[in-house]
Amino acid sequence: MLTMERVRTLAELNEFIVLPQRLYDGLPGFVAPLDLDRRQLLDHKRSAFFTHGIASYWIARRDGVAVGRISAQIDFAADGANAADIGLFGCLDAVNDREVVAELLRTAEVWLRQRNRRIVRGPFTLSINGEPGLMVEGQQDPPVTLLGWHPDYLAQHLPDAGYNIATRLRCFLLEKQFEFDDQLASFGKARARADLTVRPLRLEALQADMEQARRIFNDGWRRNWNFTPATETDVAELIKQFRPFLFRDSGFFIDISGEPAAFVLSIPNIYEITQDLGPRPSISGWLRLLYRIWRQQYRGYRLALIGVASKYQNSIVGKLISTVAFEEVRQRMRARGVEHVIAGWIDETNRAALRPIQSLGFRPTRIYSLYEKTLETDTCARAAGEVAAQRA
């Protein structure tokens, strides 16, 4: 018998957080993140999402055994003309069973329909600015910070539940040995002829610099699909989570005539120093982790935050900014002995962002899909939803 149980207690939340480890243990490519990291993302008392959104969680059980989980959420920070109609689902993890996945999705839909949402999109953990999308390519690639992992069979079950692909998010890899060709290198030198300067992230004024970065990010991405502005609490959580891993050349601004025009923040791929410790390190494991953080020797990085002021996009100046930004990233990689950088995600419809990153030597890697479904709104559907929600 398949039942859906809403997460209400701390013990149930703990089970919800660790469930993917039980479901995917032994699957090729799966590496469990730290439980502490997952709790920061999902706990109502810790996650910045709950300063601007609401969510509920469910665990699916078959004959008492947990076989899947899902979240349903509404992000009130979402922008756009139809933002009030859109609800989200996320944390979709399950065994390879079409019935389980369909019932998980139905449960999330009922919750969203009761809150007058007519479109459901996902998966998001918990926001598009968190870990969006369902991995459909790249399961065998090494794990990367802030990029989720899902078995390939989940993507097979969403169309059966009435979901269509809304868009795809693409990630790109830049390796240390890549060199710019002569044309791009010459273009990069144009910064010497323009009033363009690069200045580092100020760790002593991190909060102020990250607030400036947040404004650039929100301005630069506001025309993108499903845009949701990053809030001050989102940035505060990012600082809290990654402050121990940052150093002065982790991020930088590009100014034009003294005005901030772009910002780039890279963070270490934390899986490199945690995956051999397990999701719940022992005391000695935590000590080893602290030592590795202190050494600050990482082979891979994730470009976590990139923003270019909207007035420079789709222009020659914007192309110059992009070239200078990625040239700066490459130089910093070389200086620190970094072997590769993952850039992503980028919405596949965002050609203005895809063109420069592909021309500057990044090659495609993992792909995530985002799905969408229009919810029924007739009287019978609402009545059935209310009954199902009461049982859940």
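Begin by selecting cysteine 91, which counts as buried because its relative accessibility is 3%, below the 20% limit for that class. While you have the residue on screen, check its backbone: phi is near 50°, a positive value in a residue other than glycine. Cysteine 91 sits in strand β4, so extend the selection to residues 86-94 to see the element around it. One thing to keep in mind as you go: this is a predicted model.

Next, go to aspartate 63. Its phi is also positive, near 50°, and again the residue is not a glycine. Is aspartate 63 buried or exposed? It is exposed, because its relative accessible area is 61%, above the 50% cut-off. You will find aspartate 63 in the loop between β2 and β3, and the hairpin formed by these strands has two residues between them.

Now widen the view to the strands themselves. Select residues 53-62 for strand β2, where eight of the ten residues are buried. Add residues 65-75, strand β3: the pairing with β2 is antiparallel and runs over ten bridges. Then add residues 2-6, strand β1, which pairs with β2 in the antiparallel sense over five bridges.

A good residue to label here is alanine 60. Which residues are its bridge partners in β1 and β3? On one side, methionine 4 is bridged to alanine 60 of β2; on the other, the partner of alanine 60 in β3 is glycine 68.

From the strands, move over to helix α1, residues 10-24, and pick out glutamate 15. Glutamate 15 counts as buried because its relative accessibility is 18%, which is under the 20% limit. What does glutamate 15 touch, leaving aside residues up to four places away in sequence? Show Arg22, Ile59, Arg61 and Ala66 to see these contacts. With β2 still selected, you can place two of these neighbours, Ile59 and Arg61, within residues 53-62.

The last two stops are cis peptide bonds. Select glycine 122 and proline 123: the bond joining them is cis, with omega about 0°. Proline 123 belongs to the loop between β5 (119-122) and β6 (124-125).

Finish at glycine 344 and tryptophan 345. The peptide bond from glycine 344 to tryptophan 345 is cis as well, with omega near 10°. For the surroundings, bring up strand β14, residues 340-347, which is where tryptophan 345 lies.

Technical notes: Residues numbered from 1 in each chain as written. Predicted model: local features only at pLDDT ≥ 70, side-chain atom pairs only at ≥ 80, totals over all residues. Heavy atoms only, no water. Buried < 20%, exposed > 50% of the residue type's maximum accessible area, 1.4 Å probe, protein only. Helix = DSSP H or I, 4+ residues; strand = E, 2+ residues; numbered from the N terminus. Pairing = 2+ DSSP bridges. Contact = heavy atoms within 4.5 Å.
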